[in-house]
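Me: Please take a close look at one part of this model, the start of one helix, and then follow the contacts outward from there. I would like one connected account rather than a list.

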Amino acid sequence: MRKILFTAAGIGLAAIAAPGFAQEVAEAAPAAEAVSAGTAYILNTLLFLIGGFLVMWMAAGFAMLEAGLVRSKNVSMQCLKNIVLYSIAGIMFWVVGYQIAYPGDFNGYFGSAGFLYPMQAVGSADTETGYSVASDWFFQMVFCATTASIVSGTLAERIKLWPFLLFTIVLTAVIYPVVVSWEWGAGWLDAMDFSDFAGSTLVHSTGGWAALAGAIILGPRLGRYVDGRINVFPGSNIPLATLGTFILWLGWFGFNGASQLAMGTVGDVSDVSKIFVNTNLAACGGVVAALILTQIFYKKVDVTMVLNGALAGLVSITAEPLTPSAGAAILIGAVGGVIVVLAVPMLDKLRIDDVVGAIPVHLFSGIWGTLAVSITNPGVPIVAQATGVVATGVFVLIASAIVWTILKFTIGLRPTEEVELAGLDLDEVGVEAYPEFARGV
């Protein structure tokens, strides 16, 4: 994603894509279809900023989705975790994360360009970059925060606040940036032509692998699996979860659309609009697939599966939202919806307790979307895609497991049984989300 260099050529603009750029630009746009370098700088910066605040709005989507899918005694905790993890991601990505993700010249595996990323001086603008340095940092940071949000929902209702936040520090400062550097930072995956336009693997699977490691080490909620039975813990507020899903859907247009990274030519703007359409259709495909499949399997439609079907469709198309046709986008998203319906009961059989279904949505659908790139973009080798999937999984799973294990045997991950049964809102937060209901008033 994520470096572009623009230079003026007559009245036109030549777009030169540096390594890791999501959409490779083979030739300069015709002069009649491009704007001046200064105008392109403004438009590109605006694209980053609009895309960035749309992705930031996804933090609200995650908070509402999780608040709706957990029990009422844990709603305040989920709201607290989501606003704090976003803040931690912002600070850590400024302190060190961005410099690891985009280290410049490095060995392709691990690197850093220092600490405390410097922003541009007041009133200054380096038009050679083609965009504002600050807008680029902001756009990258909100992606980092999204990765941490994925972990929050999976581990809900049985993890203490402070160990979760300590893990978030490591995830956003080191683990996620290292994975990003391999592709968007011109690392070894980029060198072998691995392609992940907006992050099906780099963002979503990374969050999914970290969540999976945490869920295994943390264990299930009390009473979730008893004597071979799977006890269902209904969410507290389905309308809220639905609102969260729509907010995430809206934010995804910034997530995928702004990953075009350029808006200085007619072609770029046209491509952004196509990305919007394919992103929307993939989500539609995921919804319809989950709708039909749950009716067939359970004789009733499961609204939580349908909500996750939308998200799975969005994750699936994120690795390549530009090259598929409209029909292909629907099918790619539909497969994501099918994955959710099949994977949720599979995890229950394995006694892996994923409260909101984030592992099927972000990890499994992220893997599918990454591999599907080679179907609609024949220039991307399937071997490279599979290598990226496996490498990300191995690194994130091992690194996350190490951090979770250290936290478990030092400060501890879980509250006492009494606290977990009473709900984390009372003990960890001190503010109940629904005090009238909890007190029976």
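Reply: At the start of helix 3, a side-chain oxygen of S132 comes to within 3.2 Å of the backbone nitrogen of A134. The model is a predicted one, and what follows should be read with that in mind. The helix that begins here is largely enclosed by the rest of the structure, because 19 of its 22 residues are buried.

One contact of helix 3 with another part of the chain is made by rings. F139 and F48 form an aromatic pair that counts as stacked, with 5.6 Å from centre to centre and 10° between the planes. Since F48 belongs to helix 1 (residues 37-69) while F139 belongs to helix 3 (residues 133-154), this pair ties together parts of the chain that lie 91 residues apart in sequence. Both partners, F48 and F139, are buried, in keeping with the enclosed setting of helix 3, where 19 of 22 residues are buried.

The stacked pair does not stand alone, for ring pairs link F48 and F139 with Y131, F143, W184, W252 and F255 into a cluster. Within that cluster, W252 and F255 form a pair of another geometry, tilted, at 5.7 Å centre to centre and with 40° between the planes; the class follows from the angle, because planes under 30 degrees apart would count as stacked and those over 60 as edge-to-face. W252 and F255 are three residues apart in helix 7 (residues 238-257), and about one helical turn therefore separates them. W252 is buried, its relative accessible area being 0%, and F255 is likewise buried at 0%. Over the whole structure, a search finds 19 aromatic pairs.

Rings also take part in contacts with charged groups. The charged end of R71 sits over the ring of F233, at 4.1 Å from the ring centre, and K81 lies over the face of F164, 4.7 Å from the centre of that ring.

Beyond the end of helix 3, the chain enters the loop between helix 3 and helix 4 (161-183), and E157 in this loop is paired with R221, which lies in the loop between helix 6 (200-218) and strand 3 (225-226), so that the link spans 64 residues. The pair is a salt bridge in which the closest N and O atoms are 2.5 Å apart. Neither partner counts as exposed: R221 is buried with a relative accessible area of 5%, and E157 is buried with a value of 1%.

The loop between helix 6 and strand 3 also holds R224, which forms a salt bridge with D353, the closest N and O atoms being 3.2 Å apart. D353 lies in the loop between helix 10 and helix 11 (358-376), and the two residues are 129 residues apart, so this pair too links distant parts of the chain. Both R224 and D353 are buried. R224 has a further partner in D348, with the closest N and O atoms of that salt bridge 3.0 Å apart. Because D348 lies in helix 10 (residues 326-349) and R224 in the loop between helix 6 and strand 3, the pair ties together parts that are 124 residues apart in sequence. D348 is buried, with a relative accessible area of 13%, and R224 is buried at 9%. The structure holds six salt bridges, and those that share partners join R71, E157, R221, R224, D348 and D353 into one network. R71, whose charged end sits over the ring of F233, thus belongs to this network as well.

A contrast to these buried parts is found on the surface, where V288, L291, I292, I296, F297, Y298, V301 and L342 form a nonpolar patch with about 710 Å² of accessible area together. Helix 8 (residues 266-298) gives the largest share of the patch, six residues. V288 is found in helix 8, and at 43% relative accessibility V288 counts as partly exposed. M263, in the loop between helix 7 and helix 8, counts as buried at 19% relative accessibility, because the limit for that class is under 20%. M263 is 80 residues from E183 in sequence, and their C-alpha atoms are 22 Å apart in space.

How values were computed:
Residues are numbered from 1 along each chain as its sequence is written. This is a predicted model: local features need pLDDT of at least 70, side-chain atom pairs count only at pLDDT 80 or more; totals for chains, interfaces and linings use all residues. Side-chain values use heavy atoms; hydrogens and water are left out. Rings of Phe, Tyr and Trp (its six-membered ring) pair if their centres lie within 6.5 Å; planes under 30 degrees apart count as stacked, over 60 as edge-to-face and the rest as tilted. Helices (H or I, at least four residues) and strands (E, at least two) are DSSP runs, numbered from the N terminus. Buried means under 20% relative accessible area, exposed over 50%, partly exposed in between (1.4 Å probe, protein chains only). A charge sits over a ring if NZ of Lys or CZ of Arg is within 6 Å of the ring centre and within 35 degrees of the ring normal. A polar contact is a pair of N or O atoms within 3.5 Å; within protein, one must be able to donate a hydrogen and the other to accept it, and residues adjacent in sequence count only if both atoms are side-chain atoms. Patches are made of residues with over 30% relative accessible area and no salt bridge: like charges are joined within 9 Å, nonpolar side chains (Val, Leu, Ile, Met, Phe, Trp, Tyr) within 5 Å. Accessible areas come from the Shrake-Rupley method with a 1.4 Å probe; for residues, only the protein chains shown count as cover. A salt bridge is a side-chain nitrogen of Lys or Arg within 4 Å of a carboxyl oxygen of Asp or Glu.
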